[in-house]
Amino acid sequence: MARIVVLTGAGISAESGLGTFRDEDGLWTKYDLEEVATPQGFRRNRALVHEFYNARRANCASARPNAAHEALARLEAAMPGEVLIVTQNVDDLHRRAGSRNVIEMHGALMRACCAACGHVWAAPMIMAPDDPCPACGQPETRPDVVWFGEIPYGLDEIGAALEGAQVFAAIGTSGQVWPAAGFAASARAAGAKCVELNLEKSEISGDFDEHHIGPASVTVPLWVDMILSSPA
Ligand code: BV8
């Protein structure tokens, strides 16, 4: 059971060059969330949705993990079995930094799935509306990401981890998307110490006992060093 549960959001990948969602020049200021991140939007205009995710997949492939991703991988390596990352992000930067115990609760850009048969495979860099599913052949392929109105992955495992966590940290998230926005309150109610590492106070700052304000590439390595230098 992980003693330290870390929730990450778009802010941890901001310094890797991947846009956030709700900052002033964020993704949701350029694209209408309803059009590109809902099943209804996908039914209305598959080409637009594939174009949106193709662009993000290309961005993600050319991005690199930053010092924050690397520090979390170092923490997991130093405390085997004690650290769980729950990410809202669909980029693969935690895995590329070396983290292994990761729940991608909103899915993954680099995975595709078939809306007809449920088959999941490594996404090609460019997806198009009439691509046939490699398993059933139907033109029902989509990015394996969780859209608004869809149920996130791993909720049971996450709920159990929040119950048993001694420390819950949230890094780079505005706390505006549910159910992730409720994780800090759940962990705190179960007795965890809650730490927020963010560029600025968020909607859920009141749920935390400790705040480290600043860019993740600075605050996360310092926080990890502090944990690794303090007695177990
Ligand atoms: C669901 C994948 C039903 C696709 C995403 C109440 C209860 C339950 C649900 C709801 C509810 N009210 C409304 C809902 C519905 C909805 C919701 O929450 N809507 C919001 C908008 C009100 N939720 C859902 O639909 C979810 N599903 O509820 O199913 C259910 C649930 C449970 C049980 C049974 C049934 C599904 C939500 C998932 C949607 N998919 N992404 C894609 O990525 O394209 S959400 C999207 O937002 C991303 O995943 C993103 O990660 C996520 C959250 O955003 P953040 O990561 O926080 O990013 P943001 O830009 O907002 O903030 C960045 C932060 O970083 C800022 O604070 C900034 O200051 C900071 N920062 C910036 N730079 C740095 C930094 N910090 C540190 N260093 C820096 N350098």
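Let's start at the ligand. One of its oxygen atoms sits 2.5 Å from an N or O atom in the side chain of arginine 56. Keep in mind that this is a predicted model.

Two further polar contacts go to the backbone. A nitrogen atom of the ligand is 2.7 Å from a polar backbone atom of valine 146. At leucine 199, a backbone N or O atom lies 3.2 Å from a ligand nitrogen atom. How much of the ligand does the protein cover? On its own, the ligand has 1,500 Å² of accessible area, and the protein covers 78% of that.

Now the shell. It holds 35 residues. The closest are Phe21, Arg22, Arg56, Gly149 and Ser174. By type, the shell splits into 16 nonpolar, 13 polar and six charged residues.

Where does the ligand lie relative to the domains? Between domain 1 and domain 2, because both give residues to the shell. Domain 1 is 1-18 + 65-106 + 152-232. Domain 2 is 19-62 + 110-145.

Next, strand 7. This strand runs over residues 167-171. Is it mostly covered or mostly open? Mostly covered: five of its five residues are buried. In a regular strand, side chains alternate between the two faces of the sheet. For strand 7, both faces are covered. Val167, Ala169 and Ile171 are buried on one side. Phe168 and Ala170 are buried on the other.

Which strands pair with strand 7? Strand 1, residues 4-8, is one, parallel, over five bridges. Within that pairing, leucine 7 has alanine 170 of strand 7 as its bridge partner. Strand 8, residues 193-198, also pairs with strand 7 in the parallel sense, again over five bridges. There, valine 167 stands opposite lysine 193.

Now a few single residues. Take glutamate 51, in helix 4, which spans residues 46-62. Its relative accessibility is 45%, so glutamate 51 counts as partly exposed. Compare its position with phenylalanine 21. The two are 30 residues apart in sequence. In space, C-alpha to C-alpha, they are 17 Å apart. Phenylalanine 21, remember, is among the closest residues to the ligand.

Phenylalanine 42 is next. This residue lies in helix 3, residues 39-44. Buried or exposed? Phenylalanine 42 counts as buried, because its relative accessibility is 5% and the cut-off for buried is under 20%. What separates phenylalanine 42 from proline 129? In sequence, 87 residues; in space, 9.7 Å between the C-alpha atoms.

Then histidine 106. Look in the loop between strand 3, 102-104, and strand 4, 107-114. At 13% relative accessibility, histidine 106 counts as buried too. What does its side chain reach? The backbone oxygen of glutamine 88, at 3.1 Å.

Last stop, a peptide bond. Most peptide bonds are trans. The one joining tryptophan 178 and proline 179 is cis, with omega about 0°. Where is proline 179? In the loop between strand 7 and helix 8, 183-189.

To recap. The ligand lies between domain 1 and domain 2. Arginine 56 offers a side-chain contact at 2.5 Å. Valine 146 offers a backbone contact at 2.7 Å. Strand 7 is buried on both faces and pairs in the parallel sense with strand 1 and with strand 8. The loop after strand 7, leading to helix 8, holds proline 179. That's the tour.

Definitions and conventions:
Residues numbered from 1 in each chain as written. Predicted model: local features only at pLDDT ≥ 70, side-chain atom pairs only at ≥ 80, totals over all residues. Heavy atoms only, no water. Near = heavy atom within 4 Å. Polar contact = N/O pair within 3.5 Å; in protein donor to acceptor, adjacent residues only side chain to side chain. Areas by Shrake-Rupley, 256 points an atom, 1.4 Å probe, with all protein chains shown as cover. Nonpolar A, V, L, I, M, F, W, Y, C, P; charged D, E, K, R; others polar. Domains from an automatic or database assignment. Buried < 20%, exposed > 50% of the residue type's maximum accessible area, 1.4 Å probe, protein only. Helix = DSSP H or I, 4+ residues; strand = E, 2+ residues; numbered from the N terminus. Pairing = 2+ DSSP bridges.
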